[in-house]
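Trainee: Could you take me through this model feature by feature, giving the general idea before the particular case?

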Amino acid sequence: MARGSSGIVAGLTAAALAAVGFLAYQASANAPDSVAAPKPKVSSSAPAAGHDKPKEMKPPAALPTGSGTGTRVVYALADRHVWLVDASGKVTRSFAVMPSALNPRPGTYEVVTPRSGAATKGSDGVMIEHVVRFAMVDGVAVGFSAALDGSMESPDPSLKTGGVRMSRADGDAMWSFALVGTKVVVVP
């Protein structure tokens, strides 16, 4: 009798997992682009549960063409990369970032106030510093920031978060570079 019960439990468990998988697929397929998180790239070394750690990506070779002129921050969504460009068009720094759950559409934005250097709690509950806001998506402020603990995990797609995370050193550089009024050019 115990063998029959365990077979039934195993069958019900398999059916439940299949149903959850199907519902998750349906939800992701029907999510609007404005709230859907970027699709993570699958890797055999990725953790089985929790948020993905940013994997080492080969940095893009050059500043994207068509990214404007003059002093600006260029943010490439697909490459998960940022360039700080001075008035002469020279890249002064470039680095990898972890995109937020909500991404702004490609276009030109401007660093806006309030600009906060103090440590504060991000919309995902992580303590952050050097917040540089530049866009609004679905009523959520989108901006660059660095986690105090140095983490750059993928955002929880169930939360409406707008923090584009970077290392603390890159956050310091962004803070010094992107003053209020600085252009932020978002490219696909």
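**Reading the sheet, the cores and two backbone angles**

Mentor: Let us begin with a turn, bearing in mind that this is a predicted model. Strands β1 and β2 form a hairpin with four residues between them, and within that turn arginine 80 has a positive phi of about 55°.

Trainee: Why is a positive phi at arginine 80, a residue other than glycine, worth a remark?

Mentor: Most residues other than glycine have a negative phi. Arginine 80, in the loop between β1 and β2, departs from that pattern with a phi near 55°. Its relative accessible area is 17%, and because the cut-off for buried is under 20%, arginine 80 counts as buried. Histidine 130 also has a positive phi of about 55° without being a glycine, but its place is in strand β6; at 13% relative accessibility, histidine 130 is buried.

Trainee: Which residue has a positive phi in the turn between β2 and β3?

Mentor: There the residue is glycine 89, with a phi of about 90°, in a hairpin that leaves five residues between β2 and β3.

Trainee: In what order do the strands of the open sheet lie?

Mentor: To read a sheet, one follows the pairing from strand to strand. Here five strands form an open sheet in the order β3-β2-β1-β9-β4, with mixed pairing. Its edges are β3 (91-96) and β4 (107-110), each of which pairs on one side only, and the twist from one strand to the next averages 20°. As for direction, β1 and β2 are antiparallel over five bridges, β2 and β3 are likewise joined by five bridges and run antiparallel, whereas β1 (residues 72-76) and β9 (residues 183-187) run parallel, again with five bridges.

Trainee: Which residues can I use to check the register of these pairs?

Mentor: Bridge partners serve that purpose. Valine 74 has tryptophan 83 in β2 as its partner, leucine 84 stands opposite arginine 93 in β3, and alanine 76 stands opposite valine 187 in β9.

Trainee: Are the faces of β2 covered or open?

Mentor: For a strand, one asks about each face separately. Both faces of β2 are covered, with His81, Trp83 and Val85 buried on one side and Val82 and Leu84 buried on the other. All five of its five residues are thus buried, so β2 is largely enclosed by the rest of the structure. Helix α2 (residues 168-177) lies across β1, β2 (81-85) and β3, running at about 140° to β3.

Trainee: Which residues touch the most other members of the largest nonpolar core?

Mentor: A core is read through its contacts. Of the 25 residues in the largest one, Val73, Tyr75, Val82, Leu84, Phe134, Phe144 and Met174 touch the most other members. The elements that give two or more residues to this core are β1, β2, β6 (127-137), β7 (140-147), β8 (163-166), α2 and β9. Apart from it lies another core, of six residues, including Ala76, Trp83, Val85 and Val185. Phenylalanine 144, leaving out residues up to four places away in sequence, has contacts that include Val73, Tyr75, Val82, His130, Met174 and Val184.

Trainee: What pattern does the chain follow along its sequence?

Mentor: The pattern is α-β-β-β-β-β-β-β-β-α-β, made up of two helices and nine strands. Of the 188 residues, 32% count as buried, and among contacts between residues at least 6 apart in sequence, 55% join residues at least 24 apart.

Technical notes. Residues are numbered from 1 along each chain as its sequence is written. This is a predicted model: local features need pLDDT of at least 70, side-chain atom pairs count only at pLDDT 80 or more; totals for chains, interfaces and linings use all residues. Side-chain values use heavy atoms; hydrogens and water are left out. Two strands pair if DSSP finds at least two bridges between them. Axes are lines fitted to C-alpha atoms, for helices over the stretch in contact, and angles run from 0 to 180 degrees between N-to-C directions. Contact means heavy atoms within 4.5 Å. Buried means under 20% relative accessible area, exposed over 50%, partly exposed in between (1.4 Å probe, protein chains only). A nonpolar core is a set of buried Ala, Val, Leu, Ile, Met, Phe, Trp, Tyr and Cys residues joined through side-chain atoms within 4.5 Å.
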